Amino acid sequence: MRKKVIVDYSDRKWVPFWRRAKQTKLNRSKAGNGLLFGLMFICGIFMALPLVMIVNNALKPLDELFQYPPKILVRNPTMENFTDLFVLMSDSWVPFSRYIINTIIITIGGMIGHVLVASLAAYPLAKHRFPGRNILFNMVVLSMMFSWTVTQIPQYLIISWLNINNNYLALILPAWSFGMGLYLMKQFMEQLPDSLMESAKIDGAGEFRVFWTIIMPNVKPAWLTLAIFQFQYMWGNTGGTFLRDEELKPLQFALQQIVQGGAVRAGAGAAVTFVIAAVPITFFLIAQSNIMETMTTSGMKE
Amino acid sequence: MATRRRKVSEDAMTIAERQGTLRYQIHKNRISYVMIAPYFILFFFFTILPVLMSIVFSFTDFNVLEMPEFVGWKNYIKLLLEDDIFMVSLKNTLLFAVITGPISYMLCLLFAWIINEFKGKLRAFLTLIFYAPSISGNAYVVWNLILTGDRYGYLNGLLLKYEFINEAILWMKTEKYILPVLIVVQLWLSLGTGFLAFIAGLQTVDNSLYEAAAIDGVKNRWQELWFVTLPAMKPQLMFGAVMQITQSFAVADISINLAGNPSINYAGATVVTHLLDYGSTRFEMGYASAIATILFLLMVGTNKLVQRMLRRVGE
């Protein structure tokens, strides 16, 4: 094996980026770097191109949207599409603010409830030993192995029986019991040291108190992650078959109606597509470091 | 003195015996049950019960309005022997799963692995670029613009310009293109939660492991990946597999939005679009439940199988 010379850069202020990796990572050939970073670059362009198009289309004036040959980049950027969108929004049949309020209720309701209910259940599952603990957790893991499409018909019937059809609760309540939230929360709580809770219990704190004053502040990255994931899910929800009344429909529904308006509304549609994509991406950006911290504990033990 | 000692040990015995009984255990942990109750009551109503109902309904004739009528295996027999469209959609779904599942899984791992070589802002930026499509909701409709069937479509425009083709291709209306195009779009969308788990998992691998491996004679990054990195992040690998597999079997929305439902000659039909067809359009709930049950078994079965395979990584 060729002997590696590790240059110590620790006394320098600025280290060239091609040297930085070598401080910690051994055995990196230049050819390998070239191959992998090249591949990354090409795939990065493929991944980013549709996103770039979404941004550019939103800024294109109408004549550029229907230009031949089509150009990806905008030449004369304008906010016309967004003003068009506002005009469309202001003369919709149901006041547009109504859609926004609906979305806020559904999203906040789904988020807070899920974080609370899932954390409350995750704490005993992570830290207490009681009969049924493993079976219950394994069922939750199993629930992540199939998608909700499998259960949608019976779910619809159950929601009708519970009489919460055509009600915000039809979207909010099922969202509280998503498996992934509980799973991530439990895995994250497991790494907390037991000593943390024991000292509080010696001071006479009950379980709920320990949960609220000791556990929850220490798992902030996890519940932020849950909130963001839940937001992404709720944001994309159009209300589907559950909300029939126009007054109850969320923003996403109204926005998709505009997109489906076709060529006449191409400009406003481009603006809508931008809004639909930009909102969840922005939230991810804000919470990225917390989400990554949560995901370090996401692994499945056998 | 002697009697007193015996009494103490008898007491200790009874306590030990009592602690062993289930009732005692449940009583002692009653607070735990109170804490998990809200979640698991909802979980029962919206996950467990629906799965059980789906299995029961799959043996009945049920149109929501009338009481379900037990028909035995009839739905399954019809589904597997007479329903040609189901066979097409099952074939498409399996193709989707077999192609997008492993490829997206490998891509998640590969990109996470390369991203792990970067630090700070660049790392955060690259993570965002690759992860963003999976969270941008319905924004994949932008592919409709790329795939527009006339010369105004971006792809057609590009191919025409460089004279790869002479006339515009109707991408989403031509049978042979539908599935491959949907697979590409699905791959674009598929670097989701599993991808994040991989990036995070790679960060947690202890640096001393790499140094020790280098001393033990690991020569290049590929060996390092196989002998050090992958075994060290096995838990993340298993989590990522669950995410990617479940996703790859559930493809439906992109097919409906890009190719339509029903698509040309059912070239874009998947088990889920077939399920939606019977469930929400025809209201044949018994039959739709049979489709759902088969999909459920497919998803869970594949997941279990892959979990078993992944345990052998690095051995």
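Reader: What pattern does chain A follow along the sequence?
Author: In this predicted model, chain A reads α-α-α-α-α-α-α-α-α-α-α-α-α-α along its sequence.

Reader: How many helices and strands is that in chain A?
Author: Chain A has 14 helices and 0 strands.

Reader: And how much of chain A is buried?
Author: Of the 302 residues in chain A, 37% are buried.

Reader: What share of its contacts joins residues 24 or more positions apart?
Author: Counting contacts in chain A with a separation of 6 or more, 71% are between residues 24 or more positions apart.

Reader: Switching to the contact between the chains. How many residues does each chain put in?
Author: Chain B gives 85 residues and chain A gives 78.

Reader: Which element of chain B has the largest share of that side?
Author: Helix 3 of chain B, residues 30–57, with 18 residues.

Reader: What classes of residue are on the chain B side?
Author: The side of chain B that touches chain A has 56 nonpolar, 21 polar and 8 charged residues.

Reader: Now helix 14 of chain A and helix 10 of chain B. At what angle do they pack?
Author: About 75°, with the axes 8 Å apart; helix 14 covers residues 266–295 of chain A and helix 10 covers residues 193–204 of chain B. Angles of 65 to 115 degrees count as roughly perpendicular, so helix 14 of chain A is roughly perpendicular to helix 10 of chain B.

Reader: Which residues meet there?
Author: From helix 14 of chain A, Ile291(A), Met292(A) and Met295(A); they meet Leu196(B), Ala197(B), Ile199(B) and Ala200(B) of helix 10 of chain B.

Reader: How do the residues of that contact divide by class?
Author: Into 7 nonpolar, no polar and no charged, for helix 14 of chain A with helix 10 of chain B.

How values were computed
Residues numbered from 1 in each chain as written. Chains lettered and ligands numbered in written order. Predicted model: local features only at pLDDT ≥ 70, side-chain atom pairs only at ≥ 80, totals over all residues. Contact = placed C-beta atoms within 7 Å. Helix = DSSP H or I, 4+ residues; strand = E, 2+ residues; numbered from the N terminus. Nonpolar A, V, L, I, M, F, W, Y, C, P; charged D, E, K, R; others polar. Buried ≥ 20, exposed ≤ 12 C-beta atoms within 10 Å, placed from the backbone. Axes fitted to C-alpha atoms, helices over the stretch in contact; angles between N-to-C directions. Parallel < 35°, antiparallel > 145°, perpendicular 65-115°, else oblique.
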